[in-house]
Structures are given as structure tokens and as C-alpha cells.
Amino acid sequence: YVYDKFMYESNGERVKLSMIKNLVPEFPVFATETVVGSRYDTAVFNPSITVHDEQISGQELKTFTKDLVARDYIENSAAVKSDWVIEHKDDVQKDLEKLVFVVFGAGAALGPFQHLLRLGKISVVAVDVPVEPVWEGLMNSINNSSAKVHIPRLGNSRGCDLIKQAPEIIRWLSDLEPGKRMVIGNYAYADSANFIKVTLAMDAICAAVAEFRGRDRIAFSYLCSPTDIFTAPDEVVKCSREKYNALSFSSLFRPWLNPLSGGRFFTPNFAPDSNIVDCVIMQQGPNYALAKRIQHWRAMIMREKGYIVSSNIAPASRTESVMKQKLLKAAYDGSAYFDINIFDPKTANSLMTLLLLHDVCNPRAGEHIKHPFDLFSDGCCHGGMWRNPHRARSITEIAAVLNLMNQYKGPALFVCGLLYGAARTSRSARLTSKI
């Protein structure tokens, strides 16, 4: 439906999105700039993640992910994936020599680009907008990396526009590193309706490049948002319901606050006889929801066709754009009151990179998946949202209020005093009128 309804325009020619391959130029338009990082020659692959700006690996990393599982922040399947990479690091290193990772949105706050640069002798393709400040930051990382990075160039300009130059990108990627399997990562983001446009552009590029390169020379990767709708395993549903029925801080307020709010606050995470976990945050809007649906559909379709697909759910993270918004920051900071963990972006990105490596390097990855939706729940890192007793959006506002009250204790106590005084005055007035 989407490919039939959306149109693509290039150089004055307008076609249905499904016909974008007809616009692919016969010869490459982009030149390739290849930069070898200063640490490439001495690089050794060592699976690690970033925690408090330090790299942890080996048994320490295993202990860390085990603790996240115990705290209900990630599913055990995620820890199993991470452990596999650690235990098979020699095999993974050999596989990395046969792979090239394309990162759409290399400068995105959430994505594997920065961590890929530290993995060792690895080939990466950096794709981002042709904006000089963006590339200044990317080049600093690339020059100090242990990777070999390919960059699209048009004249003196680095970068490309995924929306406006999709046919040219298709041609460029189809011919790049022909002897390796290309792992195309869809991580680019844009605001509002532009997110749908860039998502469709990435999707069209993936579909076309897959046809040009063939199944054996391509794979796909995505990062799913935890604030979305998925199906959860029975074990997760059971855990959430047990927490809901247990005595807790929220259970003291739920009996009166839930009905008083018309069911808006402290809603059960799972409806009766349902495994659907609905963590959608309405403020993200319909454009965001549709863009994510497109990515989910493509991931399921390509996996059904026999392609390697990595599509793990990443935890909510304290990205700079989110933390600049006062109310969102308050909600994130207050989420700890409800046992939801908001990850540091470096920790989230490095952990999700390990899961990506598992998905593309483990020949038995996904063998146990029985339903298309299991592609997303396998290796899920939800930050506690799935196993929480309450639906995420039914506690975010309360989390923000609790955080602000804790942050501004004096004003909060003053307001509570005013409300208490007003309630007492109102009650006294009603009693006087009755007398």
C-alpha cells in the first residue's frame, strides 16, 4: 500500500515509490572516500560495552548483563546473545573481515556507529547529511578509530541526502565492497512527517540494494523503540501481573487514583488474556508510529524471504535531545520511582551493537523464533517497561511530578500545604452551611 501510494521525485521525474529502481543511474554518481583510522593496524577485537565512560568486557560484562536481567531491565535472551559474542569472539572477528556495516544516520544519538569504530579491524560505511558540522564530529571519531570507513563524496562535499538522493545511493551501495556481505543499518531520524520520508527512503534503498547484491551479500539491521506495541512472552506477562497484585508503593494510591483519573493512571500493563504490551507514548505522534510500523514490516518480510535481519528493542536513553525538554527529562528522571531504568546512550548503543553482532555472526541466530513478532521480543532490552506492573504511559506523568516535587522540595511542600488548607477550608465551609 505504502509503495503504491507514495511518490518519489528526482530531477523533475516523478514515479511511484515501487518504481524507484527505474531512477537508479547506470554509473555511480558518488565517489568513495576511504579513511583508515589511526588505530587500525594495532586493533584487536574485544567485545565490550561502555559503562560510566569505561569499557567492560569478559566476565565483568557477563556479570553486568546478568544483573540487568535480575533487575528486569533486559530479557535473558539479550544476555545470552551478549554472552555468545564474548564466548565466540575469535569466530566473530573472522566474520567481521567478511562484513561491511552501512550506518544510515551515522551521527544519530542512538545507533552503533561510534561503537563499531572501536571494535577492531572492521569496515564501516558512514551515511549522513552533507552538512559540514555533522562531518566535523564524525571525522574526529573516524580518524581516531580502529576501523576502515567509506564515505560518499560529491565534489568537495561529504555525505548524502537519503530522501533526495536515494537512487544515487542505491547505485553506490550496490557496487561497494562487492566481496563482502553488507549489513545495512536503518538508524536515521527526522522530525514529524520527515521521519516517514526518511524511513521510506531507507526502506526503498534496502529493497533495491538487496535485489542488486543478492541474498548472500546483504543483511539488515534496525533498532526498535521500547515505546511501541509488541507481543511479550508468557513469562513476562506473568511477572508483570504478579507485581501488579503485590503490595507496593503504587498499590497504595492505585485504588483511588486509577478510577479518579478515568483509568488514565496506574493502568495494568497487560489486559486480561492478552500478551500485547502497549508502551506507546502518545506525544510521539502518528508519524513516528507509522515510520516504526514500516520498519517492523520490512524486517519481518525480509526475514521471511530468508535474509539475515537484526531488529532488537533498545532501551530508552538519556539522549541530548530528550534531556533538553524539561518535562520529558523530569519523566525520565522520575521513572526510577517505578523501577524503569533510563540508560546512558553510550551503554545502550554498545550493548545493542553486541546484539547486532550476534544476529549477523551466529549461524543459528533466530532458529527458535516461531512467530514473526518474536523477532522483536528475542533479545529485548526494554529497560523495565515490559515487566512493569503498569502501562508505561499511565505512570510517566506521575513520574515527572514526583521528580519535580523531589527537585523543588520547598515549593512542593508549599503547594501541598495550600491544597491541604484549601481542602480543610472547603470542608469547614460545608459543615458550617449544614449547621
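I started at phenylalanine 104 and listed its contacts (heavy atoms within 4.5 Å), leaving out residues up to four places away in sequence: among them are Val127, Leu162, Leu173, Ile184, Met202, Ile205 and Cys206.

A note on what I am looking at: this is a predicted model, where local features need pLDDT of at least 70, side-chain atom pairs count only at pLDDT 80 or more, and totals for chains, interfaces and linings use all residues. Residues are numbered from 1 along each chain as its sequence is written, and side-chain values use heavy atoms, with hydrogens and water left out.

Next I looked up the largest nonpolar core (buried Ala, Val, Leu, Ile, Met, Phe, Trp, Tyr and Cys residues joined through side-chain atoms within 4.5 Å). It has 76 residues, and Phe104 and Trp386 are among those with the most contacts inside it. Helix α8 (residues 193–213) gives the most to this core, with eleven residues. Helices here are DSSP runs of H or I, at least four residues, and strands are runs of E, at least two, numbered from the N terminus. Another core, of 50 residues, lies apart from it and includes Leu61 and Tyr73.

Then I turned to isoleucine 151, in strand β8 (residues 147–154). Is isoleucine 151 buried or exposed? I found it buried, with a relative accessible area of 0%; buried means under 20%, exposed over 50%, and partly exposed in between (1.4 Å probe, protein chains only). Its C-alpha atom is separated by 5.0 Å from that of glutamate 33, although the two are 118 residues apart along the chain.

Last, I checked phenylalanine 249, in the loop between α9 (234–245) and α10 (254–260). Phenylalanine 249 is partly exposed, at 46% relative accessible area.
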